[in-house]
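Reader: I'd like a close look at a single part of this model, then a walk outward from there. Could you take me through it in plain words?

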Amino acid sequence: MGDSFQLSSSIMSFFQLTHMNVYAFEASGSMITLHAPHSIPDHLNKAAFNALIGVVHQQPTICHFWHHDQIVYMGGAYDSDTAVIAGPFLTQLPHEQTGSLNEHTLRNLPILNQAAQHSAASLLMHLKQMEAVSISSIEATESSSSHSKTREEEADHSIINLRYKINNDMIHAIETGDAESLEMLIKKTGNLFDFSSRFPNKPLRAIKNSLIILNTTFRLAAERGGVPPILLHYLSEKFAISVERINSVHSLNKLQETMGIEYCHLVRQNQLNGYSMLIKEAVRYFHSHFTEPFDAVELADELGVHPSHLARQFKKETGYTMSQFVHQLRIQKAKRLLKKDNASIEHITGKCGFEDAAYFIRVFKKFTGMPPGKWRSYGSDKTEMSQ
């Protein structure tokens with residue numbers, strides 16, 4: 001009886017703080033109790049419950065989110081025998097007929113930005129620890145009010161300083177290509193960088209603006225890490241286009257999770273910091289001119305060295321001959337074009353700097369293990385050279 005009362009009390013507290021429907025289930029799927037003033041179609045509830053009950057008991061230490069269009073449910077373990085599921089809520093202002101919900105229901109569902117979702121998840125995962133507390137009231141005075149304001153300002157300054165410190169740590173992780181450290185930092189930040197309050201009722205715009213800033217920050221960090229500008233252009237442009245095209249808060253949050261990791265991988269694969277100034281200049285030249293006819297003698301003359309010395313030093317520092325390096329860049333571009341559209345092999349041949357389609361196909365197969373037509377069909381992304 002006591003446990004049942006505590007569970008019901010915890011569920012009621014969660015509803016009062018989040019305004020979400022809340023349900024408690026046994027591991028078998030039988031409902032124990034609920035507080036659900038929002039009228040939701042049975043088929044939608046059933047789909048969410050079926051998806052969440054099992055995974056909650058399989059992974060009880062994680063708060064799980066189930067998405068359907070813009071509608072979201074969340075679930076977590078109350079104890080070893082009980083799962084609590086809350087929802088639905090929205091992640092942005094709804095469009096008509098969202099998830100087959102009527103207009104009245106949509107208007108009454110809570111809209112949670114990313115920060116609110118993290119807070120609700122923390123609350124849901126600690127319902128078992130919620131206990132009744134004693135409450136007292138203290139009358140405010142003018143002097144205490146002034147003192148309180150000063151403390152709030154100090155706390156705000158502390159948060160700002162923490163944001164800058166973590167931001168600098170993230171920049172360092174990108175600059176060094178340390179994806180593991182970046183993932184740990186992202187997990188630690190939680191909702192520290194949530195600025196949705198600047199755009200009331202516009203969580204989509206708030207996240208997009210944050211991602212635009214983040215994309216610029218990561219691009220500059222990767223540049224400091226030694227990535228050639230042309231590669232940074234390709235990646236930053238890809239993310240800039242994705243940010244504006246995506247109109248789902250959930251998808252934007254996913255993009256935010258992968259953006260930094262891709263920049264780290266780009267740094268690890270293409271950083272120039274370990275090269276001598278001569279080879280840095282040669283690599284930068286190749287990244288900018290790899291689609292043009294390659295003349296080693298002209299390049300060496302432009303860099304002020306003997307062609308033999310340039311060739312030996314390039315192979316020593318990069319592990320590739322200059323021809324192999326140029327071919328590698330051309331094949332990387334070919335892969336991007338093969339993924340991007342349905343252009344003919346002949347068209348891609350010219351775009352990548354090859355004069356002959358048959359030769360392009362032979363080089364592509366040497367680098368990837370399969371001809372370009374088959375690679376496009378499989379959607380493969382092999383990058384190892386089969387020298």
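Author: Sure. Keep in mind that this is a predicted model. Let's start with T349, which sits in helix 14, residues 345–351. Is T349 buried or exposed? Its relative accessible area is 3%, and because buried means under 20%, T349 counts as buried. As for what it touches, if you skip the neighbours within four places in sequence, T349 is in contact with F354, E355, D356, A357 and F360.

Now over to helix 8, which covers 229–245. Helix 8 is 17 residues long and spans 24 Å from first C-alpha to last, close to the 24 Å expected at 1.5 Å a residue. Its buried residues are L231, L232, L235, S236, F239 and V243. They take up an arc of only 115 degrees around the axis, so they lie on the same side of helix 8. That fits a general rule: an α-helix has 3.6 residues a turn, so residues three or four places apart point the same way. And what covers these buried residues? The cover includes helix 7 (203–224), helix 9 (249–270) and helix 10 (277–289).

Helix 8 also helps to line a cavity. The structure has one cavity of 30 Å³ or more, and the largest cavity has a volume of about 40 Å³. Its lining is made up of I230, L231, Y234, H287, F290, L329, Q332 and R336. Helix 8 and helix 13 (322–340) each give at least two residues to that lining. Sorted by class, the lining has five nonpolar, two polar and one charged residues. L231 turns up twice here: it is one of the buried residues of helix 8, and L231 is also among the residues that line the largest cavity.

How values were computed:
Residues are numbered from 1 along each chain as its sequence is written. This is a predicted model: local features need pLDDT of at least 70, side-chain atom pairs count only at pLDDT 80 or more; totals for chains, interfaces and linings use all residues. Side-chain values use heavy atoms; hydrogens and water are left out. On a 1 Å grid over the protein atoms alone, a cavity is a set of points where a 1.4 Å probe fits but cannot get out, and a pocket is an open set with protein on both sides within 12 Å along at least five of seven lines; lining residues have an atom within 4 Å of a point. Grid points are joined across faces, edges and corners, and a volume is the space filled by probe spheres set on the points. Helices (H or I, at least four residues) and strands (E, at least two) are DSSP runs, numbered from the N terminus. Ala, Val, Leu, Ile, Met, Phe, Trp, Tyr, Cys and Pro count as nonpolar, Asp, Glu, Lys and Arg as charged, and the others, Gly among them, as polar. Buried means under 20% relative accessible area, exposed over 50%, partly exposed in between (1.4 Å probe, protein chains only). Contact means heavy atoms within 4.5 Å. The expected span of a helix is 1.5 Å times one less than its number of residues. The arc is that of the directions from the helix axis to the C-beta atoms.
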